Amino acid sequence: MNFTISSPANAVIGRYNLILQVTSGNKISSRFLGQFVLLFNPWCPGDDVYMANENERQEYVLNENGIIFVGNAKYIEARGWYYGQFQDHLLNICLTMLDLSLYYRQDPAIDVSRRGDPKYVGRVISSMINGNDNDNGVLLGKWQGSFHSHENPSRWDGSVVILQKWREDNYKPVQYGQCWVFAGVMCTVLRCLGIPTRLVSNFNSAHDVDRNLSIDKYYDSSGKSLNIGKDSTWDYHVWNESWFIRPDLGTSYNGWQVLDATPQEQSK
């Protein structure tokens, strides 16, 4: 007997149990046939993550290698990064990540029911890539002080070893990460789940902390700089963009969506 499974384009992703149930008169018997995993599908026109261009699917879903640009506006450095989203055990690690999130622990039924929505999954993953909110996240961020007791963020050159270490340490956050490391690992996880994802580097990156959409500097009457405002401009910052439609906002917002896993400050 042959089975064909046809799933809706908006079906929930994750692990499924396949059970055969046979009814004959009043007798019912069942047999466990196995498990299968359902992912987002950028090749399926009905899927929210559908990407029409095959070259872009090759780059933003299937490519396991990339370059991350860091440094400053006058000296841009290109770092090689191995995403490795198809390596052994990576898929299980990524699916387990969803089940470890605060979203799942607070309400498993609601969380799982929303896993067919790439924007929801993207938000869960962006929270889980960092461990700064006590949710068993993958990486702890550190920007100052000594790194001698743990890995200096500049030493990482790929996601696989980080994700494997996270699992081997019983999902204790790996030390340490900075923006490009968070973005590289998040790209791996989202591509592994079938969501087209890329990295974006921004130089002279404005960090506005008081939400007035400007970088404020204060001076006294003699022109001396005052250390009042907390706004700053960073040499660079790296984040992710994922490709999916936005039925909640309208078709003009379809396409690349910003996701940032770096724990700069708390947000909703």
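Of the 268 residues in this protein chain, 41% are buried. The model you are looking at is predicted. Its chain has seven helices and 11 strands, and the C-alpha trace spans about 95 × 45 × 35 Å along its principal axes. Now think about contacts between residues at least 6 apart in sequence: 62% of them join residues at least 24 apart.

Let us compare two residues. Ser6 sits in the segment before strand 1 (14-24). Is Ser6 buried or exposed? Its relative accessibility is 70%, so Ser6 counts as exposed, because the cut-off for that word is over 50%. From Ser6 to Gln178 there are 172 residues in sequence and 41 Å in space, C-alpha to C-alpha.

Gln85 gives another picture. You will find Gln85 in the loop between strand 4 and helix 2. With a relative accessible area of 2%, Gln85 is buried, because buried means under 20%. Which residues touch Gln85, leaving aside its neighbours within four places in sequence? They are Val61, Leu62, Asn63, Glu64, Leu90, Thr188, Arg191 and Cys192. Gln85 and Val160 are 75 residues apart in sequence, yet their C-alpha atoms are 7.7 Å apart in space.

Val160 leads us to helix 6, which covers residues 160-168. The buried residues of helix 6 are Val160, Ile162, Leu163 and Trp166. What do these buried residues pack against? Their partners are strand 4 (75-82), helix 2 (90-100), helix 5 (118-128), strand 5 (139-141), strand 6 (174-177) and helix 7 (179-192). After helix 6 comes Asn170, with a positive phi near 60°.

Next, find the open sheet of three strands, which has the order 7-10-11 and antiparallel pairing. Strand 7 (197-207) and strand 11 (255-259) are the edge strands, as each pairs on one side only. From one strand to the next, the twist averages 35°. Strands of a sheet pair through backbone hydrogen bonds, and the pairing can be parallel or antiparallel. Here, strand 10 (residues 232-244) and strand 11 pair in the antiparallel sense over five bridges. To see this pairing up close, look for Asn240, which stands opposite Leu259 in strand 11.

The aromatic rings are worth a visit too. The model holds eight aromatic pairs. One of them joins Tyr60 and Trp256: the ring centres are 4.9 Å apart and the planes are at 80°, so this pair is edge-to-face. Why does this pair tie together parts that are 196 residues apart in sequence? The reason is that Tyr60 lies in helix 1 (residues 54-62) and Trp256 in strand 11. Tyr60 is buried, at 18% relative accessible area, whereas Trp256, at 23%, is partly exposed. Another edge-to-face pair is made by Trp166 and Tyr171, with 4.8 Å from centre to centre and 75° between the planes. Both Trp166 and Tyr171 are buried.

Ring pairs also link Tyr60, Trp243 and Trp256 into a cluster. Trp256 has a further partner, since Arg198 lies over the face of its ring, at 3.9 Å from the ring centre. Arg191, which you met as a contact of Gln85, lies over the face of Tyr83, at 4.8 Å from the ring centre.

Finally, turn to the backbone. Most residues other than glycine have a negative phi, and most peptide bonds are trans. Where does this model depart from that pattern? Asn136 has a positive phi near 60°. Asn136 is in the loop between helix 5 and strand 5, and its relative accessible area of 30% makes it partly exposed. Asn204 is not a glycine either, but its phi is positive, about 50°. Asn204 is in strand 7, one of the edge strands of the open sheet. A cis peptide bond joins Gln175 and Tyr176, with omega about 5°. Tyr176 belongs to strand 6, which is among the elements that the buried residues of helix 6 pack against.

One stretch also has an entry in a record. UniProt lists residues 171-263 as "domain: Transglutaminase-like", in an unreviewed entry. In the model this span is 15% helix and 40% strand, and its end C-alpha atoms lie 18 Å apart.

Terms used:
Residues are numbered from 1 along each chain as its sequence is written. This is a predicted model: local features need pLDDT of at least 70, side-chain atom pairs count only at pLDDT 80 or more; totals for chains, interfaces and linings use all residues. Side-chain values use heavy atoms; hydrogens and water are left out. Buried means under 20% relative accessible area, exposed over 50%, partly exposed in between (1.4 Å probe, protein chains only). Helices (H or I, at least four residues) and strands (E, at least two) are DSSP runs, numbered from the N terminus. Contact means heavy atoms within 4.5 Å. Two strands pair if DSSP finds at least two bridges between them. Axes are lines fitted to C-alpha atoms, for helices over the stretch in contact, and angles run from 0 to 180 degrees between N-to-C directions. UniProt positions are given in the numbering used here, feature names are shortened, and annotations may be inferred rather than shown by experiment. Rings of Phe, Tyr and Trp (its six-membered ring) pair if their centres lie within 6.5 Å; planes under 30 degrees apart count as stacked, over 60 as edge-to-face and the rest as tilted. A charge sits over a ring if NZ of Lys or CZ of Arg is within 6 Å of the ring centre and within 35 degrees of the ring normal.
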